[in-house]
Amino acid sequence: MSDPRRIGREYYDSSDYFDGRDARHIVDVDSRFQRYRVEKVLEIHAPQPGDRIVDLGCGWGTFSFALAARGCQVIGVDFSRRSIDFCEARRAALPPGQRERLSFLRADGGETGLNPDSYDLVLAADLFEHLYPEDSERVVREAYRLLTPGGRFSVWTPHRGHILEVLKNRGIILKPDITHVDYKSMDRMRSLLQEAGFEIEKAYYAESHVPILRRAERVLQRWVPILRRRIAILGRKPRTSEATRTDHPNQGSP
């Protein structure tokens with residue numbers, strides 16, 4: 001029997017999470033917040049036109065649409081029917097060329113059913129805070145399975161220790177987001193990727209979209225943990241020869 005307290009597929013499909021009334025800054029693709037998200041995620045890794053991409057936990061489709069507009073072949077994946085319905089409605093209004101580069105799939109991010117070793121980039125932007133620990137492990141393993149050797153896994157997730165998250169989770173400003181069921185630390189995210197077999201290419205904290213706060217974060221976040229806003233990580237799936245060398249470090253010529 002499922003745990004009624006667990007935030008899962010049923011919650012996203014039955015609540016008003018995707019209706020946009022309380023999230024206009026998320027639904028509005030031209031909002032400062034959305035432009036910030038796309039800019040910062042593309043700083044982690046900017047794919048090339050023609051790259052094959054899986055956007056895990058695509059939600060409102062922000063990154064799927066942005067990447068398709070840049071010439072990438074994108075599959076947005078989400079387990080919520082309402083998410084996929086929302087994205088398909090937006091997709092129908094696109095010009096034919098862009099519409100053909102984009103598709104959406106209702107599936108579990110930890111078991112998509114997509115072909116293995118087939119994609120250049122797997123993206124998980126604002127997903128891991130919504131995942132319980134066991135699901136996080138499944139999603140990272142699935143990302144590894146989907147990627148071609150040398151492919152990359154780009155992760156973007158809030159840092160719980162940031163001052164805004166601390167205040168929000170204590171109900172001091174805004175209100176807690178009950179769908180944020182398990183914030184990960186930088187160390188935990190790095191471990192998740194490495195345990196699945198990824199090499200870490202980048203791991204850093206990114207600043208906020210709030211101008212005054214952003215300036216303080218850029219200068220001080222190295223020393224002040226409460227000013228570390230977002231965790232950004234890029235993992236790479238080793239090529240076969242690299243994986244062999246890693247698994248057998250003592251092999252080689254005598």
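**Helix α4 and two aspartates with positive phi**

In the predicted model, helix α4 is followed by Gly71, a residue whose phi is positive, near 95°. The helix that precedes this glycine spans residues 62–69 and is mostly covered, with seven of its eight residues buried. The buried positions of α4 are Thr62, Phe63, Ser64, Phe65, Ala66, Leu67 and Ala68.

Most residues other than glycine have a negative phi. Against this background, two aspartates deserve mention. Asp117, although not a glycine, has a positive phi of about 55°, and its place is in the loop that runs between β3 (102–106) and β4 (119–125). Asp126 likewise is not a glycine and has a positive phi of about 55°; this residue lies in the loop between β4 and α7 (133–146). As to their surroundings, Asp117 has a relative accessible area of 44% and is therefore partly exposed, whereas Asp126, at 14% relative accessibility, counts as buried because this value falls under the 20% cut-off.

These local features belong to a chain with 11 helices and seven strands. Of its 254 residues, 48% count as buried, and the accessible surface of the chain comes to about 13,100 Å², with 51% of that area belonging to carbon and sulfur atoms. When contacts between residues at least 6 apart in sequence are considered, 74% of them join residues that are at least 24 apart.

Conventions. Residues numbered from 1 in each chain as written. Predicted model: local features only at pLDDT ≥ 70, side-chain atom pairs only at ≥ 80, totals over all residues. Heavy atoms only, no water. Helix = DSSP H or I, 4+ residues; strand = E, 2+ residues; numbered from the N terminus. Buried < 20%, exposed > 50% of the residue type's maximum accessible area, 1.4 Å probe, protein only. Contact = heavy atoms within 4.5 Å. Areas by Shrake-Rupley, 256 points an atom, 1.4 Å probe, with all protein chains shown as cover.
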